[in-house]
Amino acid sequence: MTSPHSDQRPRMTFWLAAFASFALIALLASAWIVEERESRAQEQRLQAAAHAANHASILQTHLRYSFSSVMALGAYARISPDVGQHFDLVARDLLSLYPEVSSLSLSPDGVITWIVPMQGNESAIGFDQLADETQGPESRRARESGKLTVAGPLSLVQGGSALVGRYPVFVTDEQGGRHFWGFANATMPLASVLQAGRLAELEAMGYQYQLWRTHPVSGERQIIARNVTGPQREPVEQTIAIPNGRWTLSLSQPRGWHSGSWLIGAIAFATVFALVLAYLVKALLELRWHKRHLERQVQERTEAANTNVDRYRTLIAASNTGAWEYFHEQDFLQCSPEYFSMLGRQQSDYHMSGTANLKETWTDLIHPDDREQAVDIFARYLTDGAEGMYENRFRMRHKDGHWVWILSRGQSLWNEEGQFQGVTVGTHIDISREVETEEKLALSAQVFERGSEGFIVTDPDQRILMTNAAFTRITGYSEEEVLGEKPSILASGRHDANFYKGMWKALNLKGFWQGEVWNKSKDGQIYPQWLSISQIRNDKGEVSHYIGIISDISQLKEDQKEIHRLAYYDPLTNLPNRSLLEERAAFALKLAQRGSKNAALLFLDLDNFKNINDSLGHKAGDRLLLAFSQRVGAMVRQEDTFARQGGDEFILLLPDTDASGAAHAAQKILDLLIRPFKVDGYDLSVSSSVGIALYPDDGDSLNELYTNADIAMYRSKQKGRNTYSFFTPELQTHYVRLMQLESAMRQAIAEDQFELHYQPQQELDSGATVGVEALLRWYHPTLGTISPAEFIPIAESSGLIVPIGEWVLREAVAQLCQWIEVGIAPPKMSINLSAAQFRQPSLPDLILSVLEETRLPAEYLELELTESMTMDDPERAVTMINRLHAAGVTLSIDDFGTGYSSLSYLKRFKISKLKIDKSFVSDLDTHGDDRVIVSTIVTLAQSLGLRSVAEGVETLEQREFLRTLGCHDIQGYYFSRPLNARDTEAFLRRSE
């Protein structure tokens with residue numbers, strides 16, 4: 001019996017444990033409340049920082065966008081020769097784009113001179129920004145920094161508070177010096193700034209805010225906007241980058257970041273939770289004390305019974321064997337835990353109603369491919385009387401998903417009288433490793449027998465013991481023919497004794513050797529072979545076998561040759577390509593350098609090869625290239641390199657060749673091309689333009705020689721093709737100039753470097769001005785005035801003539817509209833079209849869209865085409881001209897008489913004028929032939945009902961002769977030189 005004192009002692013322990021639990025939980029709760037309080041404060045600060053960053057970004061974006069207007073105004077002041085003339089127009093256009101800017105102004109030398117709008121800002125005129133006591137320091141700071149600078153908020157002389165953006169404008173004099181011109185200014189009311197920053201939203205969110213800056217001159221803090229007058233508690237600050245300065249946006253909570261009513265609730269909850277948990281600890285300890293008394297009694301009674309069972313289970317577990325019992329009458333299967341543990345499972349994973357019959361579970365775990373056979377074999381064992389040994393193997397699913405090979409064995413129980421006891425017992429053993437080993441052995445046998453590489457196994461004396469089918473296929477010898485023989489039966493005789501001596505030395509030293517050998521097959525064919533030999537040693541370290549692996553690499557050798565050909569030779573002509581040319585050139589130039597010898601590089605380009613491709617097709621073009629390469633290749637020396645660069649470009653490298661030899665070779669090539677090529681039934685005549693560069697005068701590397709020969713080749717093209725030219729420094733200067741102009745031209749439109757001049761046209765009978773022709777002029781800031789005769793061909797060859805032509809069209813139409821607006825009787829505006837423009841299918845759409853955008857009547861626009869443009873594709877020209885004519889656009893043929901025109905097509909073209917080229921007009925006084933030509937053109941125009949216009953008229957005699965012929969209009973220096981837009985406007989006013 002338990003004494004009262006023994007019961008009293010545990011009760012005191014339980015109360016002490018409850019008190020300790022309460023104290024511990026209270027301490028942990030306090031720590032949690034402190035951490036949660038700080039976390040909530042940090043979360044509020046992060047949220048405030050996000051709001052501050054968002055509004056700062058909005059404010060910064062609005063400021064940068066609005067004050068970008070002043071940079072555009074500064075650019076206008078810098079490039080305009082007469083700033084005041086168009087200031088109002090430019091400023092008002094900018095104000096329409098920047099609605100938050102209230103005014104724009106210019107202040108030469110810091111004194112405000114022009115301002116828009118003037119109304120309300122009259123008092124700002126004459127304000128000296130640099131001398132003013134308040135604004136002067138920041139104005140001087142802007143001038144010294146040379147950057148756009150935002151100042152303020154400032155109290156304006158015209159009233160109100162605003163921000164002022166000042167952009168210092170510097171100009172460059174003729175000597176290249178840079179001088180301060182003045183300021184371009186933009187004024188933005190402070191109210192607009194604050195509204196753009198949406199600071200009222202922050203107040204609506206409950207924040208206190210201050211928007212301030214550190215004054216860049218005084219260093220004092222200057223408040224821009226705020227909704228709190230006193231100091232802020234632990235504010236969150238966000239910097240705002242403004243032009244040449246920065247602002248700061250500070251946010252805070254009125255009661256700080258640690259405020260909140262949740263703290264009292266959290267303390268109350270923690271106290272109640274600690275009390276409840278302390279009571280539960282006390283109750284649990286009491287329950288555990290009573291349970292321990294009962295467990296001790298049960299344990300003593302069951303220990304004896306479990307001893308034998310534990311021994312049995314330990315034995316089963318140690319053998320890694322799962323035991324099972326099958327009771328026939330009940331059709332009942334019972335398994336040991338080890339049965340499932342080898343599958344990563346537990347018997348308790350399977351919940352069965354009634355008794356633990358695992359028959360269905362056993363079936364479900366078997367692999368689907370093995371299930372039917374496993375069930376049938378066990379059923380047959382039972383049907384046959386369950387006599388003897390049952391044995392089968394199958395796969396069962398492991399818990400992790402993989403399959404385990406199981407060997408299942410069983411035997412039925414019989415008593416001493418030979419009577420069946422109705423029970424079959426058995427085991428399951430995991431044989432996965434054994435099955436895997438069997439499969440690897442079977443796979444190795446298949447690899448050995450069916451592999452694509454030949455195998456030889458020999459004994460230590462190198463007598464062949466075994467081969468495979470691939471060995472027979474490669475060598476032609478069957479296994480029976482070589483058993484007992486040595487591998488030397490395959491020797492080709494190409495390797496000497498030293499080769500085999502080195503092979504066996506490496507084999508004995510490393511235990512392995514591999515390399516390329518030449519062997520002989522059974523039919524006597526010698527072929528390349530890759531051979532690998534390995535030593536196999538027994539436990540004593542003695543060589544027991546040699547294993548040889550052979551591969552026929554004949555195809556590999558052929559593939560390597562083909563790869564080399566593709567890498568170094570042109571696939572069409574089989575000539576060396578650029579890679580092989582570079583290798584040979586490096587070698588040839590190095591020899592030339594050592595021996596102080598010359599070398600020559602010829603750049604060959606076929607003339608008009610594109611016409612053959614376009615007319616006969618690319619296949620015919622390829623066959624012509626092949627015939628050309630074969631004919632020229634037959635004449636080159638063995639030490640020369642004749643290579644194809646691609647397309648119709650070829651390179652001929654001539655080592656040890658001077659200028660005379662290079663010229664002789666070039667002329668020989670041109671002479672070879674006199675005889676036509678027969679291609680697809682056609683006799684094709686083709687010529688070549690050749691450029692020559694010499695080593696070392698024209699370059700000491702392939703790249704330099706190639707570049708200079710290319711330049712010389714283009715010189716041959718310009719000379720009329722079918723000739724050769726040597727490279728000269730003057731050519732390089734010329735082509736450097738071309739590249740320089742082409743590069744500069746790409747920026748000319750964007751940088752507004754182009755300008756249109758206009759040459760008036762006069763009607764001979766009335767003397768009236770009937771039209772003007774738009775002529776393109778280009779003034780580059782550093783290259784100066786560039787002649788159209790120089791830059792127009794570059795624009796045409798580079799394709800830049802298309803965007804330039806569109807610019808000319810839009811600029812000329814806009815100028816004509818401007819003249820109409822100021823009351824000038826509109827003359828007909830003539831614009832030249834280039835061949836590249838005329839080939840654009842979208843040209844009519846572009847022209848009509850420009851007329852529609854500007855609302856210019858189509859009859860005021862005249863487009864000038866050349867004869868060659870219309871005759872390249874006459875049918876397409878008829879369609880395009882007719883469409884433009886139907887829209888009201890006038891068309892004329894420019895430079896008539898210098899090309900070839902078909903009169904039948906000329907009748908079909910909807911044109912109104914023929915313009916006589918100035919080359920015929922300039923010599924009317926001295927050349928009778930020109931008089932006849934001009935007279936014929938005028939007569940032809942009259943017969944076709946067209947007007948005739950003579951270009952280049954410079955003398956009274958020329959004008960009178962044209963009048964007597966009946967020519968309608970003239971154009972030239974006699975009537976007027978080309979004039980800029982302003983002078984043309986004055987000319988047109990005088991002509992009214």
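Select Pro696 first: it sits in the loop between β25 and α19. Helices (DSSP runs of H or I, at least four residues) and strands (runs of E, at least two) are numbered from the N terminus. The peptide bond from Tyr695 to Pro696 is cis, with omega near 5 degrees. Residues are numbered from 1 along each chain as its sequence is written. This is a predicted model, in which local features need pLDDT of at least 70, side-chain atom pairs count only at pLDDT 80 or more, and totals for chains, interfaces and linings use all residues; side-chain values use heavy atoms, with hydrogens and water left out.

**The sheet**

From Pro696, step back into β25 (688–695) and colour the sheet around it. What is the order of its strands? The order is β21-β22-β20-β25-β26, an open sheet of five strands with mixed pairing; two strands pair if DSSP finds at least two bridges between them. At the edges stand β21 (641–646) and β26 (724–726), each with a single partner strand, so one side of each has no neighbour in the sheet. Direction ignored, neighbouring strands are turned by 20 degrees against each other on average.

Now show β20 (residues 599–606) and β22 (residues 649–655), which run antiparallel and are joined by seven bridges. Leu604 has Phe650 in β22 as its bridge partner.

Next add helix α18 (residues 659–672), which packs on the sheet and touches β20, β22, β25 and β26. Contact here means heavy atoms within 4.5 Å. The direction of α18 makes about 165 degrees with that of β25. Axes are lines fitted to C-alpha atoms, for helices over the stretch in contact, and angles run from 0 to 180 degrees between N-to-C directions. Helix α19 also packs on the sheet, touching β20, β21, β22, β25 and β26, and its direction makes about 145 degrees with that of β25.

**Helix α19 and its crossing with α15**

Select residues 702–718 for α19. At 1.5 Å a residue, its 17 residues should span 24 Å, and the end C-alpha atoms are 24 Å apart, which agrees; the expected span is 1.5 Å times one less than the number of residues. Buried residues in α19 include Leu702, Leu705, Tyr706, Ile711 and Met713. Buried means under 20% relative accessible area, exposed over 50%, and partly exposed in between (1.4 Å probe, protein chains only). After the helix comes Gly720, with a positive phi near 115 degrees.

Add α15 (residues 578–595), whose axis comes within 10 Å of that of α19 and crosses it at roughly 110 degrees. The two helices are therefore roughly perpendicular to each other; angles under 35 degrees count as roughly parallel, over 145 as roughly antiparallel, 65 to 115 as roughly perpendicular and the rest as oblique. Show side chains for Arg578, Leu581, Glu582, Ala585 and Leu589 in α15, which meet Leu702, Asn703, Leu705 and Tyr706 in α19. By class, this contact has six nonpolar, one polar and two charged residues. Ala, Val, Leu, Ile, Met, Phe, Trp, Tyr, Cys and Pro count as nonpolar, Asp, Glu, Lys and Arg as charged, and the others, Gly among them, as polar.

**Loops around the sheet**

Move to Ser596, in the loop between α15 and β20. Its phi is near 55 degrees, a positive value in a residue other than glycine. Is Ser596 buried or exposed? Ser596 is exposed, with a relative accessible area of 67%.

Asp680 is in the loop between β23 (677–679) and β24. Its phi is positive, about 55 degrees, although Asp680 is not a glycine. At 43% relative accessibility, Asp680 counts as partly exposed.

Ser687 is in the loop between β24 (682–684) and β25. Not counting residues up to four places away in sequence, Ser687 touches Asp605, Leu606, Asp607, Leu673 and Asn722.

**Elsewhere in the chain**

Go to Val116 in strand β2 (residues 114–116). Val116 is buried, with a relative accessible area of 1%. Among the residues that Val116 touches are Phe87, Ala91, Arg92 and Leu104. Val116 and Arg92 are 24 residues apart in sequence and 7.0 Å apart in space, C-alpha to C-alpha.

Then select Pro153 in strand β3 (residues 149–155). The peptide bond from Gly152 to Pro153 is cis, with omega near 10 degrees.

The last stop is Ser830 in strand β30 (residues 828–832). Ser830 counts as buried at 1% relative accessibility.
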